[in-house]
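Biologist: I have this model open on my screen and would like a close look at one part, the place where the two chains meet. Could you walk me through that part and what surrounds it?

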Amino acid sequence: MVTHELLAACRRGDREAFEEVVRRTHRHVYTQALRLVGDRLEAEDVAQEAYLRVFRGLAGFRGDAQFETWLYRIVSNAAMSHLRKRRRFGELVRDSLEEPRELPSPVRVAEEAVDRDSLTEALDSLQPSLRVVVIMKDVYGLSCREIGDQIGVSEGAVKVRLHRARKRLKEILFGPEARDEM
Amino acid sequence: MRCEEVRPLLAELAEGNLREAGEAERHLGSCTDCSAELGRYRTVVLELAALREVLAEPAPGFLERVISEIPERNWRSMIHRVASDERLHYTAFSVGGAVVGATAIALLWRRAARRSLVAAEGPQATL
């Protein structure tokens with residue numbers, strides 16, 4: 001997606017190189033922001049803020065981590081800041097142990113296949129505290145520790161939420177016969 | 001291990017990083033129900049990872065708006081570049097050394113000049 005040469009040019013202060021980075025990554029950044037905040041206009045604001053943070057932080061990016069991983073971390077962080085400002089952060093921290101009793105009809109086509117739209121719908125149906133964790137971990141590969149730091153809960157609490165989110169998704173996608181986990 | 005012990009581990013095992021996987025995996029090798037359940041979890045985890053490349057289309061003009069908001073100069077980058085450029089370090093040390101040396105010479109010269117002035121004016125001052 002983004003080459004070392006391009007990043008080196010950005011670190012030298014080459015604005016055109018940074019514009020190229022934005023061109024190559026803007027759809028990924030926007031999509032991640034949209035998944036985390038759930039609103040198109042707000043996702044644009046989050047993406048804008050994330051790029052300003054990337055622009056200011058690139059000088060200190062040493063390249064130990066992959067650029068994409070670093071970028072995903074910054075977008076997540078910008079999204080969490082945005083939700084804090086909009087006073088919607090509480091819904092991520094408050095974790096209701098009550099799950100809806102009713103499950104939507106299973107969308108399974110075959111045991112080994114799940115269509116993407118169904119998965120996206122299932123994700124959207126999760127309570128925010130579970131959705132954000134599973135998106136950060138399973139979609140964007142952040143560690144449980146990083147996620148805990150970003151949303152202000154312990155690493156252990158993140159693992160519990162991740163477990164519940166995967167279980168819930170599995171139940172939604174594969175139906176009631178697969179929901180007994182004893 | 002029995003099914004009821006293995007089932008709560010499957011959501012994590014699907015990611016392939018369970019510490020006590022050895023014992024659980026032995027059970028999974030012989031239990032088709034638990035093995036099928038693990039397959040469902042793995043499908044969920046794999047499909048979630050694949051979502052990373054499923055991209056939404058931003059509104060028209062989004063890219064241009066983002067680019068227009070990027071500041072013209074990145075001061076942090078410039079400061080970082082100066083701070084990490086060895087040639088600039090040598091130049092700074094050389095210029096600094098030259099300034100210190102020139103100041104020292106000027107002070108010595110001024111002191112010597114003042115002494116010679118005092119020596120020249122000395123006898124007149126006593127009259």
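Modeller: Happy to! Let me begin with the fold of chain A, where residues 24 or more positions apart account for 63% of the contacts with a separation of 6 or more. Please keep in mind throughout that this is a predicted model. Chain A has nine helices and zero strands, so to speak of its order is simple: from the N terminus on, the elements run α-α-α-α-α-α-α-α-α. Of its 182 residues, 41% count as buried. The domain assignment splits chain A into domain 1 (1-88) and domain 2 (89-182). Where these two touch, the contact takes 12 residues from domain 1 and 12 residues from domain 2. On the domain 1 side, α2 (15-37) and α4 (67-85) of chain A each supply at least two residues, and α4(A) gives the most, with eight. That side of domain 1 divides into four nonpolar, four polar and four charged residues.

Helix α4(A) turns up again inside the protein. The largest nonpolar core has 65 residues, and those that touch the most other members are A:Ala33, A:Val46, A:Ala47, A:Ala50, A:Val75, A:Ala79 and A:Val133. Here too α4(A) gives the most, with nine residues. For a view from one side chain, try A:Val75: leaving out residues up to four places away in sequence, A:Val75 touches A:Val29, A:Gln32, A:Ala33, A:Val46 and A:Ala50. As a general point, nonpolar side chains in soluble globular proteins tend to be buried together.

Now to the meeting place you asked about. There, 38 residues of chain B are in contact with 43 residues of chain A. On the chain B side, α2 (10-13), α4 (32-50), α5 (62-68) and α6 (75-84) each supply at least two residues. The largest share, 11 residues, comes from α4(B). By type, the chain B side divides into 22 nonpolar, five polar and 11 charged residues.

Since α4(B) contributes that largest share, let us stay with this helix for a moment. Its 19 residues should span 27 Å at 1.5 Å a residue, and the end C-alpha atoms are 27 Å apart, which agrees. Many of its residues are listed as buried, and you can pick them out along the helix: B:Cys34, B:Glu37, B:Leu38, B:Arg40, B:Tyr41, B:Thr43, B:Val44, B:Val45, B:Glu47 and B:Leu48. Charged residues, including B:Glu37, B:Arg40 and B:Glu47, are among these buried positions.

For a contrast, move to helix α7 (residues 86-126) of chain B, where B:Leu107 is found. B:Leu107 is exposed because 10 other C-beta atoms lie within 10 Å of its own, and the cut-off for exposed is 12 or fewer. The C-alpha atoms of B:Leu107 and B:Arg7 are separated by 85 Å, and the two residues are 100 apart along the chain.

Finally, a word on how far to trust each part. The predictor gives the complex an ipTM of 0.84 and a pTM of 0.74. Chain B has a mean pLDDT of 83, and 81% of its residues reach 70 or more. Within chain B, confidence is highest in α5(B), at a mean of 94, and lowest in α6(B), at 60. Both of those helices supply residues to the side that touches chain A. Where pLDDT is low, the predicted coordinates should not be read in detail.

Technical notes
Residues are numbered from 1 along each chain as its sequence is written. Chains are lettered from A and ligands numbered from 1 in the order in which they are written. This is a predicted model: local features need pLDDT of at least 70, side-chain atom pairs count only at pLDDT 80 or more; totals for chains, interfaces and linings use all residues. Two residues are in contact if their C-beta atoms, placed from the backbone, lie within 7 Å. Helices (H or I, at least four residues) and strands (E, at least two) are DSSP runs, numbered from the N terminus. A residue is buried if 20 or more other C-beta atoms lie within 10 Å of its own, exposed if 12 or fewer, and partly exposed in between; C-beta atoms are placed from the backbone. pLDDT is the predictor's confidence in each residue, from 0 to 100. Domain bounds come from an automatic or database domain assignment. A nonpolar core is a set of buried Ala, Val, Leu, Ile, Met, Phe, Trp, Tyr and Cys residues joined through C-beta atoms within 7 Å. The expected span of a helix is 1.5 Å times one less than its number of residues.
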